[in-house]
Amino acid sequence: MTRHPKTRTRGRLLRSLYIWHRYFGLTTALFVVVLSVTGLALNHTESLQLDARHVQSDTLLDWYGIKAPDAIVSYRAGTRALSQLGNHIYLDLQPVPAAEGTLAGAVQFADLIVAGLEEGLLLFTASGELIEQLGAAAGVPAGIQAVGTSPTGKLVIKTAQGNYQTDANFITWAAATESDVAWSVAAPPEEGLARSLRDAWRGSGLSLERVLLDVHSGRILGEAGVWLVDAAALLFLLLAGSGLWLWGRRRASARAHERSIQARE
């Protein structure tokens with residue numbers, strides 16, 4: 001008994017659809033894994049601290065075009081170095097998160113390291129611990145342009161309104177009476193320090209959260225990556241539709257087979 005031509009055609013169509021369904025599934029499997037892993041991680045950004053963890057891979061940093069600024073402003077304060085790179089301020093290689101504004105100088109004063117910013121002072125212990133940040137509320141004159149020490153060992157700051165000096169406890173400020181002040185002067189950092197500072201700056205410029213977001217959306221590959229993820233989404237829809245259709249055809253075929261058996265009985 002020969003099969004009807006329409007039946008043979010339908011059979012070939014179903015076999016082809018099964019094959020394509022399988023290949024589409026294999027093709028999109030990688031996208032499913034990537035989207036699932038990145039989606040799960042992003043769903044727990046706060047607990048995983050993805051926004052606070054930064055990428056250190058030179059390859060990824062270069063891919064994003066993250067390049068440290070060339071100019072580094074650095075001041076020596078005893079054996080320590082206060083440096084500014086872009087908007088970041090460092091004590092040696094340790095970033096100072098509370099620091100904002102332009103670094104105007106740094107000196108060793110008594111047993112402290114004092115760094116001057118435009119709007120205030122940062123006080124560090126000799127071991128490098130930030131212990132206080134003094135601003136206008138503490139009576140520090142605004143618009144600091146330089147920091148230095150007088151011949152009698154007083155801390156002096158230079159502002160647009162003139163020079164001011166303070167006592168050992170930074171409580172009162174008055175117009176400086178001494179003119180022979182040893183001002184802190186910026187100098188290029190040593191080559192090793194400069195290289196390490198640029199590496200530290202690059203390492204704080206790309207959060208893990210941003211990378212995962214870009215991988216999840218495809219933007220890590222630019223516009224082409226977005227279109228690639230869109231194509232994968234369309235394949236997912238095609239797989240879902242073809243899978244439901246094949247499942248329905250198989251159920252219908254199984255029921256028709258059962259009815260034919262029952263009819264012969």
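## Strands β6 and β7

Leu-112 has Thr-125 as its bridge partner in β7. This pair belongs to a predicted model. Strand β6 covers residues 112-117, and strand β7 covers residues 120-125. The two run antiparallel and share 6 bridges. Strands of a sheet pair through backbone hydrogen bonds, either parallel or antiparallel.

## The four-stranded sheet

β6 and β7 are part of an open sheet of 4 strands. Read across it, the order is β5-β6-β7-β8. The pairing is antiparallel. β5 (103-109) and β8 (130-134) stand at the edges. Each has a single partner strand, so one side of each is left without a neighbour in the sheet. From one strand to the next, the twist averages 20 degrees.

How many bridges join β7 to β8? There are 4, and these two strands run antiparallel. Leu-123 has its bridge partner in β8, namely Glu-132. β7 and β8 form a hairpin, with 4 residues between them. Gly-128 sits in that turn and has a positive phi of about 100 degrees.

## Two hairpins in a row

Look next at β2, β3 and β4. Strand β2 (residues 80-85) pairs with strand β3 (residues 88-91) in the antiparallel sense, over 4 bridges. Leu-85 stands opposite His-88 in β3. The two strands form a hairpin with 2 residues between them. One residue in the turn is Gly-86, with a positive phi of about 65 degrees.

β3 also joins strand β4 (residues 94-95), through 2 bridges. These strands run antiparallel. Tyr-90 has Pro-95 as its bridge partner in β4. β3 and β4 form a hairpin too, with 2 residues between them. Here Asp-92 is in the turn, and its positive phi is about 55 degrees.

## A buried threonine

Now move to strand β11, which spans residues 162-166 and contains Thr-166. Is Thr-166 buried or exposed? Thr-166 is buried, because its relative accessible area is 4%, and the cut-off for buried is under 20%. The side chain of Thr-166 also makes a contact. It reaches the backbone oxygen of Thr-172 at 2.8 Å.

## Helix α5 and the glycine after it

Helix α5 runs over residues 208-217. Val-211, Leu-212, Asp-214 and Ser-217 are buried in this helix. An α-helix has 3.6 residues a turn, so residues three or four places apart point the same way. Just after α5 comes Gly-218. Gly-218 takes a positive phi of about 90 degrees.

## The largest pocket

Gly-218 appears again in the lining of the largest pocket. This pocket has a volume of about 160 Å³. Rolling a probe the size of a water molecule over the atoms shows where empty space is left. Leu-30, Phe-31, Val-34 and Leu-35 are among the lining residues. So are Val-215, Ile-220, Leu-221, Gly-225, Leu-228 and Val-229.

Which helices each supply at least two residues of the lining? They are α1 (5-42) and α6 (223-264). The largest share, 4 residues, comes from α1. What classes of residue make up the lining? By class, 9 are nonpolar and 2 are polar. No charged residues line the pocket.

Definitions and conventions
Residues numbered from 1 in each chain as written. Predicted model: local features only at pLDDT ≥ 70, side-chain atom pairs only at ≥ 80, totals over all residues. Heavy atoms only, no water. Pairing = 2+ DSSP bridges. Axes fitted to C-alpha atoms, helices over the stretch in contact; angles between N-to-C directions. 1 Å grid on protein atoms, 1.4 Å probe; cavity = no way out; pocket = protein on both sides within 12 Å on 5 of 7 lines; lining within 4 Å. Points joined across faces, edges and corners; volume = space filled by probe spheres on them. Nonpolar A, V, L, I, M, F, W, Y, C, P; charged D, E, K, R; others polar. Buried < 20%, exposed > 50% of the residue type's maximum accessible area, 1.4 Å probe, protein only. Polar contact = N/O pair within 3.5 Å; in protein donor to acceptor, adjacent residues only side chain to side chain.
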